[in-house]
Amino acid sequence: MQGGELVIRLPGRSRSPEAIGGTTILRHKEVHHFFFVPFREQPIYSTRAHVFQIDPNTKKNWVPTSKHAVTVSYFYDSTRNVYRIISLDGSKAIINSTITPNMTFTKTSQKFGQWADSRANTVYGLGFSSEHHLVKFAEKFAEFKEAARLAKEKSQEKMELTSTPSQESATGDIQSPLTPESINGTDEERVTPDATPNSEPRMEPTQNALPFSHSANITKHWEAELAALKSNNAKLTAALLESTANVKQWKQQLAAYQEEAERLHKRVTELECMSGQTNVIKSHKTELNQTIEELESTLKAKEEEMERLKEEVDNANQLQAQRDSLAQKLQETETRNKELEAQLTEVEQRLETSQLEQEAFRKNLKTLLEILDGKIFELTELRDNLAKLIEGS
């Protein structure tokens, strides 16, 4: 650790400024951008919606991750220059999605939208209270997606510009074959160590050259130098092989460090969101308490109305029973009425027959009286005639 930076030392040669004492230094920014980077995310847009995730088994059904509408916010990380969508349900992060240029927010209905997050291997869905909130959220998504694309392009251009010199240096230092010629020089270079690429070519010996004994001493000196260079070459080759064998182990450790850093960063994000949304949570809690009170009063009114409806239902049942009883009595009365009507019809027929018989009797009696009157008149005349006969005799 140097100056608040995570330093990893790798054995081997390096000509870069980061090489210290034959050791290559990889600073924390080269290892992972999460290491010891302060969290500077701030919410830039917030709304409320019901959160859903696609069922990982069926990949068709939606599974609600919040019992009620929660706050969904866009966050901007000025350090990493990225945009993220974050939502908390209590202390649990139910959405933690980094916006990438290849993401697409799709409106599937007037109040519902969704997007796929390949990093989280899931599809998020949001249900809004109105179409206006959905349209506003989709506009922000498109805006921050474009900003993420521009930031990624700028970052890639910057990385290409900064990595070109280091790649050239690394190509010359690491990828070049490690041979005795590359380390100790060629035979011609070993004979002329002080020569440079711009030096003039060596001239052939002339008559004024050094004596043969002096030339033999020089040859022995260069042979000793060559042996020392070969020994150093063997040591460097062994060190390079050892470093190559440790690369895999270093990569595994680096991956573990990256995973741990990602986990810590997500935890810090959750904590920052919780601390940054304290007032929002308090106001939301107040709103929830008011909503609960309203719901309790509404529930009480509904219970009273239910009791009233139960009484009305009981009264209706009683009225129905009375109506059924009256209907039965009415049916019985109608049956009795029909029987009485039949009896009345029979009596009327009998009366009519009796009247006809009486009329006939009257006619017969009148005829009889007329005959009787005639007979009485005849008897009276006969009496009178007899009386006259008696008086005359």
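Q: What relative accessibility does Arg323 have?
A: A friendly word first: this is a predicted model, where local features need pLDDT of at least 70, side-chain atom pairs count only at pLDDT 80 or more, and totals for chains, interfaces and linings use all residues. Residues are numbered from 1 along each chain as its sequence is written, and side-chain values use heavy atoms, leaving out hydrogens and water. Buried means under 20% relative accessible area, exposed means over 50%, and partly exposed lies in between (1.4 Å probe, protein chains only). Arg323 counts as partly exposed, because its relative accessibility is 48%.

Q: Which residue meets the side chain of Arg323 in a salt bridge?
A: A salt bridge here needs a side-chain nitrogen of Lys or Arg within 4 Å of a carboxyl oxygen of Asp or Glu. The partner's relative accessible area is 39%, so it is partly exposed. The N to O separation is 3.7 Å, and the residue on the other side from Arg323 is Asp324.

Q: Which residues are joined into one network by salt bridges that share partners?
A: A search of the whole structure finds 10 salt bridges. Where salt bridges share partners, they link three residues into one network: Glu146, Arg149 and Glu153.

Q: How many residues apart are Arg308 and Glu305 in helix α6?
A: Their side chains meet in a salt bridge, at 4.0 Å from N to O. Arg308 is partly exposed at 40% relative accessibility, and Glu305 is partly exposed at 34%. About one helical turn separates the two, because their spacing in helix α6 (helices being DSSP runs of H or I with at least four residues, strands E runs with at least two, numbered from the N terminus) is 3 residues.

Q: How far apart are the closest N and O atoms of Glu312 and Arg308?
A: Both residues lie in helix α6, 4 residues apart, which is about one turn of the helix. Glu312 counts as partly exposed, because its relative accessibility is 39%. In the salt bridge of Glu312 with Arg308, the closest N and O atoms are separated by 2.7 Å.

Q: Which residues gather in a patch of negative charge on the surface?
A: Patch members have over 30% relative accessible area and no salt bridge, with like charges joined within 9 Å and nonpolar side chains (Val, Leu, Ile, Met, Phe, Trp, Tyr) within 5 Å. Asp and Glu count as negative, Lys and Arg as positive, with His and the chain ends not counted, and each charge is placed at NZ of Lys, CZ of Arg, CG of Asp or CD of Glu. Asp314, in helix α6 (residues 278-392), is partly exposed at 44% relative accessible area. The full group is Glu303, Glu304, Glu307, Glu311 and Asp314.

Q: What is the area of the nonpolar surface patch made by Phe361, Leu365, Leu368, Leu369, Leu372 and Ile376?
A: Phe361 is placed in helix α6 and counts as exposed, because its relative accessibility is 54%. Areas come from the Shrake-Rupley method with a 1.4 Å probe, and for residues only the protein chains shown count as cover. The nonpolar patch has an area of about 570 Å².

Q: Which residue in the loop between β6 and β7 has a positive phi?
A: Most residues other than glycine have a negative phi, and most peptide bonds are trans. Lys59, in the loop between β4 (41-54) and β5 (62-64), has a positive phi near 60 degrees. In the loop between β6 (70-77) and β7 (82-89), a positive phi of about 60 degrees belongs to Asn81.
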